[in-house]
Amino acid sequence: MKKKILPKKDILKIKSRKTFAIISHPDSGKTTITEKFLLLGKVIREAGTIKSRKSKKYAQSDWMEIEKKRGISVTTSIMKFIYLNHHLNLLDTPGHEDFSEDTYRVLTAVDCCIMIIDASKSVEKRTKKLIKVARLKKIPIITFINKLDRDSYDSIKILDDIEKKLNISCIPINWPIGSGRNFKGVINILNKKIYLYFNNNKYKNKNYKKSIDSFDIKILKKYFTHSEILNFTEDLNLIQSCYDKFNKKNFLKGLETPIFFGSALINFGVNHILKGLINWAPYPNYRNSLTRKVYSIEKNFSGFVFKIQANMNLKHHDRVAFLRIVSGKYKKGMKLYHVRTKKNNIINNAVNFIAGKRFLIDKAYPGDIIGIYNKGNIKIGDTFTQGENINFIEIPKFSPELFKIIYLKDALNQKKLLRGLKQLSEEGAVHVFKPFINNSLILGVIGQLQFDVILERLNFEYKVLASYKNTNISLIRWISCDNLFFLEQFKKENYSSLAYDNDNEIIYFSSSNFKLNLIIKKYNKIIFSKIK
Ligand code: G4P
């Protein structure tokens with residue numbers, strides 16, 4: 001059956017939207033670039049509004065004590081801003097690798113990524129991991145090589161490193177002229193303009209920015225020495241012969257990444273990436289569901305929840321479900337069908353997020369992220385529609401890698417502990433397992449830091465003091481089997497190594513891979529799954 005589509009004016013709104021994430025290794029400049037984006041989008045007026053977390057002057061999510069204490073970002077924030085008539089939705093990702101699952105979920109909700117590389121460090125570990133995920137999902141990637149105002153690696157070496165380590169072709173869009181104290185700007189390979197940067201006494205310490213024609217030797221001589229002109233002309237010839245021209249199709253397939261150079265700190269070149277994003281990143285188009293492709297221009301609303309955040313406002317103990325709109329248009333007061341629970345909800349209080357603040361919204365379009373308040377009935381991966389039973393391809397849960405038993409310091413708080421753990425596990429912050437044989441609670445996480453965050457949040461948000469005991473569990477697998485007889489036999493024979501997860505699904509836990517492999521061999525009719 002043909003689907004009704006939105007009116008033209010709404011389709012134009014969809015086409016003006018870009019939803020993206022920034023991925024980078026900690027300290028490569030993500031916060032600084034985000035701030036410059038928000039300055040360009042006139043969301044904030046002055047630099048320094050989003051201060052470095054280390055300075056502790058301001059934390060974007062200062063409700064979370066541990067972020068302030070450790071100077072790390074462990075949560076995801078969503079920022080919306082307008083640049084050159086385009087609505088840009090920036091989904092921030094946690095800076096610490098222990099929260100990789102959260103980052104993975106964010107990447108399911110974006111259409112493009114900006115990868116930041118510190119020019120003095122080249123490709124770092126965390127970037128490698130994140131790009132692997134982005135590439136699996138075939139998300140187009142734009143690269144910004146940052147901190148050119150500092151002494152940097154040779155630019156060609158950085159590009160070689162990206163190509164080798166990340167297995168993606170680099171297509172330079174601009175090229176730096178000098179670096180560190182001698183950084184003088186970039187030359188745009190496409191239009192051959194030179195964007196000048198000077199920060200010296202001659203210009204009274206003012207960042208002097210201007211673009212000139214790279215062929216006009218008279219003008220060039222005003223700004224560059226003879227050897228500088230020779231060098232960048234040589235560079236330009238070399239780049240043009242070594243690298244392919246930008247090909248949008250290859251970029252959209254995630255095969256090549258356009259490269260920009262600049263410095264976020266001195267706000268040089270940041271506008272070039274945003275222009276690249278506007279020109280090349282895909283607008284919200286379609287998303288696969290289990291039954292069909294759902295197109296953004298369809299009249300009926302649909303969207304999926306990729307993140308839950310509890311206790312954003314401690315006074316109200318509220319929970320916000322972050323929903324990415326896939327199709328149709330959100331209007332305040334509209335009735336939305338919650339596919340999993342088969343219930344209709346009137347949504348009056350959807351919010352969006354601008355520079356850390358929340359605003360009630362009247363309407364929103366595909367690509368936009370809306371926050372829906374709820375009391376715990378919405379889960380990650382849930383779909384909302386206007387009645388159709390659509391299920392978008394699920395966001396997988398990864399098997400945790402580290403395990404501890406949690407216990408209460410004050411046994412009277414058991415109820416509060418269970419409530420806190422239930423909410424935190426629904427947020428995707430931790431896995432909670434209840435063994436068949438006793439009443440203990442086993443927590444599973446991917447990174448060590450998550451354990452600390454859980455204790456901190458239990459204390460801060462739920463007023464529960466808890467601690468951990470070690471366990472010899474080193475891995476878990478979700479269990480399933482079509483044949484109930486085999487399943488029951490397996491359960492009977494392995495009772496002491498089984499537990500329920502928070503959705504009452506059965507997991508098998510083991511102290512080693514070796515033991516697990518023996519069990520897998522013995523029970524070959526049972527499916528042992530690493531991903532839920
Ligand atoms: P992150 O979010 O990726 O972790 O990085 P963030 O922006 O916090 O930047 C990390 C450090 O690198 C900060 O310095 C920041 O000022 C600096 N930085 C970011 N971009 C540039 C750049 O283009 N050039 C130079 N030279 N430095 C840059 P910090 O000393 O750790 O913090 P702060 O006290 O300066 O704020």
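**Exercise 1.** Find how many residues surround the ligand in this predicted model, and sort these residues by class.

*Solution.* Begin with the count: in this predicted model, 18 residues surround the ligand, and the closest are Asp27, Lys30, Thr31, Thr32 and Asp149. Next, sort the shell by class, which gives three nonpolar, eight polar and seven charged residues. Finally, ask which element gives the most to this shell: helix 2, which spans residues 30-40, does so with three residues.

**Exercise 2.** Describe the polar contacts between oxygen atoms of the ligand and Asp27, Thr32 and Lys147, using the cut-off of 3.5 Å for a pair of N or O atoms.

*Solution.* Take the backbone first: a polar backbone atom of Asp27 lies 2.7 Å from an oxygen atom of the ligand. Then turn to the side chains, where an N or O atom of Thr32 is 2.5 Å from a ligand oxygen, while a polar side-chain atom of Lys147 is 3.0 Å from an oxygen atom of the ligand. As a last step, consider the cover: on its own the ligand has 710 Å² of accessible area, and the protein covers 75% of this.

**Exercise 3.** Decide whether helix 2 is largely enclosed or largely open, and explain why.

*Solution.* Start from the cut-off, by which a residue under 20% relative accessible area is buried. The buried residues of helix 2 are Lys30, Thr31, Ile33, Thr34, Glu35, Lys36, Phe37 and Leu38. Because eight of the eleven residues of helix 2 are buried, the helix is largely enclosed by the rest of the structure. Among the elements that cover these buried residues are strand 1 (17-24), strand 5 (141-146) and helix 10 (270-280). Just after helix 2, Lys42 takes a positive phi of about 55°.

Notes
Residues numbered from 1 in each chain as written. Predicted model: local features only at pLDDT ≥ 70, side-chain atom pairs only at ≥ 80, totals over all residues. Heavy atoms only, no water. Near = heavy atom within 4 Å. Polar contact = N/O pair within 3.5 Å; in protein donor to acceptor, adjacent residues only side chain to side chain. Areas by Shrake-Rupley, 256 points an atom, 1.4 Å probe, with all protein chains shown as cover. Helix = DSSP H or I, 4+ residues; strand = E, 2+ residues; numbered from the N terminus. Nonpolar A, V, L, I, M, F, W, Y, C, P; charged D, E, K, R; others polar. Buried < 20%, exposed > 50% of the residue type's maximum accessible area, 1.4 Å probe, protein only. Contact = heavy atoms within 4.5 Å.
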